[in-house]
Amino acid sequence: MVKLQVDGRKARGEKRRTELIEATLRIIERDGVAGVTHRTVAAEAGVPTTSTTYHFSSLDDLLVATLISCARDMATEVYWMIDRARSRGSRGAEEVAALLAEALGPRRGRTMAEYELYLLAARKPELRPAARRWLDVLTSMVRHDDEVAFRVFLAGIDGLLIQGLIDDEPPSAEELRPVVDYLLKPR
């Protein structure tokens, strides 16, 4: 029997990177991207500033890692949503509407932080590959025969999220469902 040996330093390093990324997201939720510095992230994570600069030599490195983490988390969520829809024989409108309602209700701060990071890529070209990653992930996970219809669907979802973020009251899944149904309608 082969015994796998785990490198404790590597595991601790990955854990620390994850803690720093989570701290970065909390700062963006609370203060926006402008509030992110090595010092504020370190304070939020409860670690020395040298820890942030050790794991992320620049703020752009930290922001890219945070964007990639968000894309990975979203991909996992979407994967399980698709799996649930397929197991029920559903086209997914109910599941997508519930996911949007969750993103605009209880997870509103996180959604706002993710969009702020996403839009920052318009000003910072070095962040664009990480920002595009979520589209690549969705495209690879969802079977679609019509590229134009799929892009319209994604643009519609982005629009619903942006509109929902500026609404005084977040829309419910029931309110979102007819719009999602329309976006999923075969053309």
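How many nonpolar, polar and charged residues are in the lining of the second largest pocket? Figure 4 gives the count by class.

**Figure 1. The whole predicted model.** The protein has 9 helices and 0 strands. Helices are DSSP runs of H or I with at least four residues, strands are E runs with at least two, and both are numbered from the N terminus. The C-alpha atoms fill a box of roughly 55 × 55 × 30 Å along the principal axes. Residues are numbered from 1 along each chain as its sequence is written. In this predicted model, local features need pLDDT of at least 70, side-chain atom pairs count only at pLDDT 80 or more, and totals for chains, interfaces and linings use all residues; side-chain values use heavy atoms, with hydrogens and water left out.

**Figure 2. Domain 1 (7-57) beside domain 2 (58-184).** The bounds come from an automatic or database domain assignment. The C-alpha centres of the two domains lie 24 Å apart. Here 16 residues of domain 1 are in contact (heavy atoms within 4.5 Å) with 15 residues of domain 2. The domains bury about 1300 Å² between them, 76% of it on carbon and sulfur atoms. Buried area is the accessible area (1.4 Å probe) that two parts lose on being put together, summed over both.

**Figure 3. Two spans annotated in UniProt.** The unreviewed entry gives "domain: HTH tetR-type" for residues 14-74. That span is 80% helix and 0% strand, and its end C-alpha atoms lie 20 Å apart. The entry also gives "DNA-binding region" for residues 37-56. Residues 37-56 are 75% helix and 0% strand, with end C-alpha atoms 11 Å apart. Such annotations may be inferred rather than shown by experiment.

**Figure 4. The second largest pocket.** About 210 Å³ of space lies inside. A pocket is an open set of points on a 1 Å grid where a 1.4 Å probe fits, with protein on both sides within 12 Å along at least five of seven lines; lining residues have an atom within 4 Å of a point. The volume is the space filled by probe spheres set on the points, which are joined across faces, edges and corners. The lining has 4 nonpolar, 2 polar and 6 charged residues. Asp, Glu, Lys and Arg count as charged; Ala, Val, Leu, Ile, Met, Phe, Trp, Tyr, Cys and Pro as nonpolar; the others, Gly among them, as polar.

**Figure 5. Where the pocket lining comes from.** Helix H1 (8-31) supplies the largest share, 6 residues. Helix H4 (59-87) supplies at least two. Domain 1 and domain 2 each give at least three residues. Lining residues include Glu 14, Arg 17, Ile 68 and Arg 110.
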